[in-house]
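Q: Please take a close look at a single part of this model and describe how it is placed among its surroundings. A connected account, with the relevant contacts and distances, would be appreciated.

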Amino acid sequence: MRYVNGMRGSAMAVVVASVALAVAGCQPGGSGAGTAHGGVTPSGAVSSAASSKADAPKPGSSASGSSTPSATRPTPTPTAPASSAPASGGSAATCAAGSLKATARQAAVRPAGTGTGAAVVEFTNVSGRTCVLKGHPTVAGAGNGSPEMNVPLTVKPTGAATSVTVAPGGKAWVKLTFVQVQGEGDGYCVSGSAPVLYPTMVVQLPSSGAHQVALDDGQFAECDDTVTVTAVTAIKPS
């Protein structure tokens with residue numbers, strides 16, 4: 001009996017010891033065999049997760065440690081685009097007298113009568129540079145074809161004056177409309193004055209010189225030494 005009781009005591013001691021070891025293996029941080037089956041997270045993984053969580057920036061703070069929200073940072077001011085103005089800058093100069101060649105012809109649209117009625121004067125830019133014409137001309141009848149023996153005509157301007165840019169080889173025009181001679185032969189003037197015949201006319205543009213022109217098909221016949229003139233135009237009159 002003593003031998004049997006001793007065996008039972010020894011067996012109980014072994015069971016108690018085994019239970020103690022099993023309980024110890026289930027405690028946190030224990031190195032029990034259950035770890036290998038995924039029941040317990042390895043300590044190294046816990047340390048890495050804790051470290052990442054500690055290092056993660058809090059909402060509203062930057063990675064550098066600044067507590068200023070990114071939405072409140074000043075926005076850089078955009079640089080203004082470069083100017084698109086031409087590099088040459090300013091406008092073309094007024095055409096000089098020597099840069100123009102003037103010619104004249106009778107206009108297709110003119111008052112009825114036997115005189116000249118109307119003439120179109122054409123200015124061609126014969127220089128190598130672009131220039132500008134502007135304004136209403138003055139007109140004088142040149143006796144005997146000489147500009148020194150001219151008779152200034154009374155000018156009636158019509159239309160607004162605008163700048164006309166004339167490139168090299170380009171053209172601009174003015175139209176002259178006279179008080180028409182009536183009747184046959186030498187004709188007559190409605191006003192009672194005598195008709196006048198001029199071989200040439202002197203047409204002067206503001207700041208662009210005086211130009212003597214002759215008609216390509218006759219002479220200038222008009223009444224009352226009065227002429228209606230248009231401003232310089234880039235559109236050829238009829």
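A: Two strands are taken to pair if DSSP finds at least two bridges between them. The model examined here is predicted, and the part chosen is strand 4, which covers residues 138-142.

Strand 4 is joined to strand 5 (residues 150-152) by three bridges, and the two run antiparallel. Within this pairing, Ala140 has Pro152 of strand 5 as its bridge partner. Strand 4 is also joined to strand 10 (residues 200-204), here by five bridges and again in an antiparallel arrangement. In that pairing, Val139 stands opposite Val203 of strand 10. Four of the five residues of strand 4 are buried, so this strand is largely enclosed by the rest of the structure. Buried here means a relative accessible area under 20%. For the protein chain as a whole, buried residues make up 25% of the 238 residues.

The setting of strand 4 is a chain with two helices and twelve strands. Along the sequence, the pattern reads α-α-β-β-β-β-β-β-β-β-β-β-β-β, with both helices ahead of the strands. Among contacts with a separation of 6 or more, 74% are between residues 24 or more positions apart. The chain exposes about 15000 Å², of which carbon and sulfur atoms supply 59%.

Charged side chains elsewhere in the chain complete the picture. The structure holds one salt bridge, formed by Lys171 and Glu122, whose closest N and O atoms are 3.4 Å apart. This pair links distant parts of the chain: Lys171 belongs to strand 8 (residues 171-179) and Glu122 to strand 2 (residues 118-125), with their positions 49 residues apart in the numbering. Lys171 is partly exposed, at a relative accessible area of 37%.

Glu222, in strand 12 (residues 220-230), is buried but has no salt bridge. The nearest side chain of opposite charge to Glu222 is that of Lys156, 11 Å away. Because a salt bridge requires a side-chain nitrogen of Lys or Arg within 4 Å of a carboxyl oxygen of Asp or Glu, Lys156 does not serve as a partner for Glu222. A polar atom of the Glu222 side chain does, however, lie 3.1 Å from the backbone nitrogen of Asp225. Leaving aside residues up to four places away in sequence, Glu222 touches Phe178, Val179, Val181, Pro195, Val196 and Tyr198.

Notes
Residues numbered from 1 in each chain as written. Predicted model: local features only at pLDDT ≥ 70, side-chain atom pairs only at ≥ 80, totals over all residues. Heavy atoms only, no water. Buried < 20%, exposed > 50% of the residue type's maximum accessible area, 1.4 Å probe, protein only. Lys, Arg positive; Asp, Glu negative; His and termini not counted. Polar contact = N/O pair within 3.5 Å; in protein donor to acceptor, adjacent residues only side chain to side chain. Contact = heavy atoms within 4.5 Å. Areas by Shrake-Rupley, 256 points an atom, 1.4 Å probe, with all protein chains shown as cover.
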